[in-house]
Amino acid sequence: MVDFNEVIARRGTHAMKWDMIAARSGIDADDAIPMWVADMDFRAPPGVTEALRTEIERGTHGYYADTGSWSEALCGWMERRHGVTFDPAWVSPTPGVVSGLGLILQAVSEPGDEVVLFPPVYHAFRRIIPGNDRRILDAPLNLVDGRYAMDLDALAGMLTPRTKVVFFCSPHNPGGTVWTADEIQQLSAFCIEHDLLLVSDEIHCDLVFDEATHVSTLNVAPAIADRLITTVAATKTFNLAGAHVGACVTSNPELKKRLDKRIAASGLGSYNGFGMIATEAAWRTGDDWLDSLMTYLAQNRDLFDQCIEAAAPGTWSMPLAATYLAWVDFSGTGLSPGLVEERVKSTARIFASPGSQFGPGGESWLRFNIATPRPILEEALDRLDDAFRDLRGS
Ligand SMILES: Cc1ncc(COP(=O)(O)O)c(C=O)c1O
């Protein structure tokens, strides 16, 4: 059984989360706590370690042969966990989801075309679009009854002939919104009506808490299948981000052919063997580990929300239905975003992701990664309590 309370020393191990704190945040304290980038401080499932150990002990690490077992493992997992039927023939592995998004843009759009985002949203979307010489079309989310909602009427008024693609994050990062079937069907109908390609990034689909169920776009909106690419990965779920393997999945053979052509043109049609072995093992053996993880993360989420809201009166932590990325609005504290960030960095020595990274609507927020052993989380919460002590009066 995995002990999620075990504190594993990651500093000095090339762990970006721990070893890039000073470079990325300016916090130079030796005891800084990283709550930014989305990886976890837990050991991967035992089946993954076992598969990697077998590979390491054999000692031969030549080119990886894609026999089809990886795509089968992915499809088996999606069927078993989410009731969604993917055919292995629809799957294109890529070196991570973000690189897949860039390849998709190259395959289906031209420089200068527009890509719709629903901010605040995962910051790498905001990098990969201009990085590929495409333009961001922001359709800001609204806060309705304590959760995010898309405003498709407003978006309709913003579209131009250059709008070609929609990046949809489902479940949503940040905020952990699990979109309803109704919301996804409306978005899909919108994409069909306006001739847009829908990219449904479902990398967080497994990290959904008990109260909610992930809704697969393909399942609830089959009419969009021909203009839909779903992106998924084992890396976020099983803490294998360094493996850098993801998948683009589409049932449209023409679309898949265009994407595969871009993948081949970049020399990416041959895969990192360690990443493939680790992620396949995760899908084949990780069920029980994931169930235990979600129980542990739910306790972390509840503890975090309760303590942060008590520590700094006026803060609001959006109730997470999915993801381990707590999304906290500090606007009600009366402090400016700069002052809040300064207290969190300097007094608490915690690196949280600034909300402004996520685009319009994120300015007064911070995102805290709570996927860490309870002793680290408790230390972080003590420090936050201290950093906002004066706001609580006596
Ligand atoms: C919505 C979303 N997509 C993609 C990624 C990263 O994917 P990868 O590491 O496979 O590029 C993340 C990481 O947090 C994410 O939140």
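Visitor: Which residues have the most contacts inside the largest nonpolar core?
Guide: A nonpolar core is a set of buried Ala, Val, Leu, Ile, Met, Phe, Trp, Tyr and Cys residues joined through C-beta atoms within 7 Å, and two residues are in contact if their C-beta atoms, placed from the backbone, lie within 7 Å. A residue is buried if 20 or more other C-beta atoms lie within 10 Å of its own, exposed if 12 or fewer, and partly exposed in between. The largest core has 122 residues, and those with the most contacts inside it are Phe167 and Val199.

Visitor: Which helix supplies the largest share of this core?
Guide: Helices (H or I, at least four residues) and strands (E, at least two) are DSSP runs, numbered from the N terminus. Counting that way, the largest share of the core is 7 residues, and it comes from residues 97–108, helix α5.

Visitor: From where are residues numbered along each chain?
Guide: One caution before that: this is a predicted model, where local features need pLDDT of at least 70 and side-chain atom pairs count only at pLDDT 80 or more, while totals for chains, interfaces and linings use all residues. As for the numbering, it follows each chain as its sequence is written, starting from 1.

Visitor: Leaving aside its neighbours within four places in sequence, which residues is Phe167 in contact with?
Guide: Phe167 shares with Val199 the top spot for contacts inside the core. Once the neighbours within four places are set aside, its contacts are Leu101, Val115, Val116, Leu117, Phe125, Val199 and Asp201.

Visitor: How far apart do the C-alpha centres of domain 1 and domain 2 lie?
Guide: Domain bounds come from an automatic or database domain assignment. That assignment gives domain 1 as 16–45 + 288–392 and domain 2 as 62–285. Their C-alpha centres are separated by 26 Å.

Visitor: How do the residues on the side of domain 1 that touches domain 2 divide into nonpolar, polar and charged?
Guide: Here 26 residues of domain 1 are in contact with 33 residues of domain 2. For sorting them, Ala, Val, Leu, Ile, Met, Phe, Trp, Tyr, Cys and Pro count as nonpolar, Asp, Glu, Lys and Arg as charged, and the others, Gly among them, as polar. The domain 1 side comes out as 18 nonpolar, 6 polar and 2 charged.

Visitor: Which strands stand at the edges of the open sheet with the order β2-β10-β9-β8-β7-β3-β4?
Guide: Two strands pair if DSSP finds at least two bridges between them. By that rule this is a sheet of 7 strands with mixed pairing. A strand with a single partner has one side left without a neighbour in the sheet, so the edge strands are β2 (91–94) and β4 (135–138).

Visitor: What angle does the direction of helix α10 make with that of β2?
Guide: Axes are lines fitted to C-alpha atoms, for helices over the stretch in contact, and angles run from 0 to 180 degrees between N-to-C directions. β2 is joined to strand β10 (residues 246–249) by 4 bridges in the antiparallel sense. Helix α10 (residues 253–265) packs on the sheet, touching β2, β9 and β10, and its angle with β2 is about 25°.

Visitor: What is the order of the open sheet of 5 strands?
Guide: Pairs give hints: β12 and strand β14 (residues 365–369) are antiparallel over 5 bridges, and β11 and β12 are antiparallel over 2 bridges. At the other edge, β1 runs parallel to strand β13 (residues 350–354), with 3 bridges. The full order is β1-β13-β14-β12-β11.

Visitor: Is Glu378 buried, exposed or partly exposed?
Guide: Glu378 is found in helix α14. Its count is 15 other C-beta atoms within 10 Å, so Glu378 is partly exposed.

Visitor: Where does Pro171 lie?
Guide: The peptide bond from Ser170 to Pro171 is cis, with omega near -5°. Another cis bond joins Asn173 and Pro174, at an omega of about 5°. Pro171 lies in the loop between β7 and α8.

Visitor: Is Arg349 buried or exposed?
Guide: Arg349 has a positive phi of about 55° although it is not a glycine. It lies in the loop between α13 (337–347) and β13. Since 20 C-beta neighbours fall inside 10 Å, Arg349 counts as buried.
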